[in-house]
Amino acid sequence: MTKQEVIASILECTEKLGHVPSRVELIKHSGVGRQQIVNHFGSYERALRACNLEQKPRKKAEMDVLFRDWAGVVRALGKVPTHLEYEEKSKYSIQPLRGRFGGWLHVPAGMKQYAEEQGITVEWADVIELIERWNPRQRIGPRVSMPPALPKILVDRPTYGPLIGSGPLVCGPTNEQGVIFLFGALAEQLGFLVLRMQTGFPDCEAWRVVGKDRLQRVRIEIEHESRNFLRHGHDPNGCDLIVCWEHNWEECPLEVVELRKVVERSGDCASSGDRVIGKNQNLTTDEHGSVEDCQNRRNCQN
């Protein structure tokens, strides 16, 4: 779909609905996908501006309306929905619920608590049962049950991420600095040789194994969440891929390496037995010399 076809679809959808559609409404009522919006405009707001349209601020949905909508989706699916399933089935986006409960994984417990407080658990007994049977994403390390209500956070001490292994980072990163450290520990296992790090955009320049005897130089931006790339206003043309702890940018036009899933697959973020660059691979590159030479130089420096 071309840029002009996307604009035409937005205008057609606006006329059909009688109001400027939300992104979710546009996807439901037209052939436009999230990726096409990002590829041509960067964001849905910019797409609307290209159509000379502007969304009017909507009245904040009441919690009762949000609960019945979410619970209706659970009942229709027979399970707790993923955020993609919810946006597909609901007339709302995931943002109101994420904002209220501090993240999508906290929504089921928050909804159960709301039903109990409102005395409507009997009416929604099947939904409550599905919530109780639902398990959040499996994490590495001892399982910690999510409480029915989020406890008060003590302001005089830091918080830590989930346990992910035995080291060098035992808790999942909660900020970009932690992701940088974890990526450094996993880089060789993932097929990267870091050439340099910098404070400007993009954060990292590295060689990447792309085949036998083949390397490519890649530009990497490191974020805690992939969506932070968009929040920071970075240009997708200025980098080749994003390394993050959690990938939550569905419309991302770049390749994303999600370290959380890497850790879950490996079972230990310090694992080094799978893939080591420069050992028994005879990898060479015309521009910078051999990876083996590079690793020998690094060993000498150490």
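Q: What order do the five strands of the open sheet take, and what sort of pairing do they show?
A: In this predicted model, the order is 1-2-3-4-5, and the pairing is mixed. Strand 1 and strand 5 (255-258) are the edge strands, as each pairs on one side only. From one strand to the next, the twist averages 35 degrees.

Q: How do you know that strand 1 (residues 192-197) and strand 2 (residues 204-211) pair?
A: The cut-off for pairing is at least two bridges. Strand 1 and strand 2 are joined by five bridges and run antiparallel, so they count as a pair. Two of the facing positions are easy to look up: F192 stands opposite R208, and M197 stands opposite C204. The two strands also form a hairpin, with six residues between them.

Q: In which sense do strand 2 and strand 3 pair, and over how many bridges?
A: They're antiparallel, with seven bridges. Two bridges would be enough to call it pairing, so this one qualifies. R208 has Q216 as its bridge partner in strand 3. This is a hairpin too, with two residues between the strands, and D213 takes a positive phi near 60 degrees there.

Q: What makes the pairing of the sheet "mixed"?
A: Strands of a sheet can pair either parallel or antiparallel. Here, strand 2 and strand 3 go antiparallel, while strand 3 (residues 214-225) and strand 4 pair in the parallel sense over five bridges. Both senses turn up in one sheet, hence "mixed". For a spot to look at in the parallel pair, E223 has C244 in strand 4 as its bridge partner.

Q: Which strands does helix 10 (residues 176-190) lie across?
A: Strand 1, strand 2, strand 3, strand 4 and strand 5. Helix 10 runs at about 155 degrees to strand 3.

Q: Why is C204 called buried?
A: Buried means under 20% relative accessible area. C204 comes in at 3%, so the label fits. Its strand goes the same way: six of the eight residues of strand 2 are buried, which leaves the strand mostly covered.

Q: Why is C51 called buried?
A: C51 has a relative accessible area of 8%, under the 20% cut-off, so C51 is buried too.

Q: How many disulfides does a search of the whole structure find?
A: Zero. A disulfide here needs a pair of cysteine sulfur atoms within 2.5 Å, so no pair meets that cut-off.

Q: What share of the 302 residues in the chain is buried?
A: Buried residues make up 40%. The chain exposes about 17300 Å², and carbon and sulfur atoms supply 49% of that. Its secondary structure comes to 13 helices and seven strands.

Q: Where in the chain is confidence lowest, and where is it highest?
A: Lowest is strand 6 (residues 284-285), with a mean pLDDT of 34, and highest is strand 4 (residues 241-246), at 94. Over residues 138-143 the pLDDT is below 50, and this stretch has 17 contacts in the model beyond near neighbours in sequence. Residues 268-302 also stay under 50, and the model has 59 contacts for them beyond four places in sequence. For the chain, the mean is 78, and 79% of residues reach 70 or more.

Note on methods
Residues numbered from 1 in each chain as written. Predicted model: local features only at pLDDT ≥ 70, side-chain atom pairs only at ≥ 80, totals over all residues. Heavy atoms only, no water. pLDDT = per-residue confidence, 0-100. Helix = DSSP H or I, 4+ residues; strand = E, 2+ residues; numbered from the N terminus. Contact = heavy atoms within 4.5 Å. Axes fitted to C-alpha atoms, helices over the stretch in contact; angles between N-to-C directions. Buried < 20%, exposed > 50% of the residue type's maximum accessible area, 1.4 Å probe, protein only. Areas by Shrake-Rupley, 256 points an atom, 1.4 Å probe, with all protein chains shown as cover.
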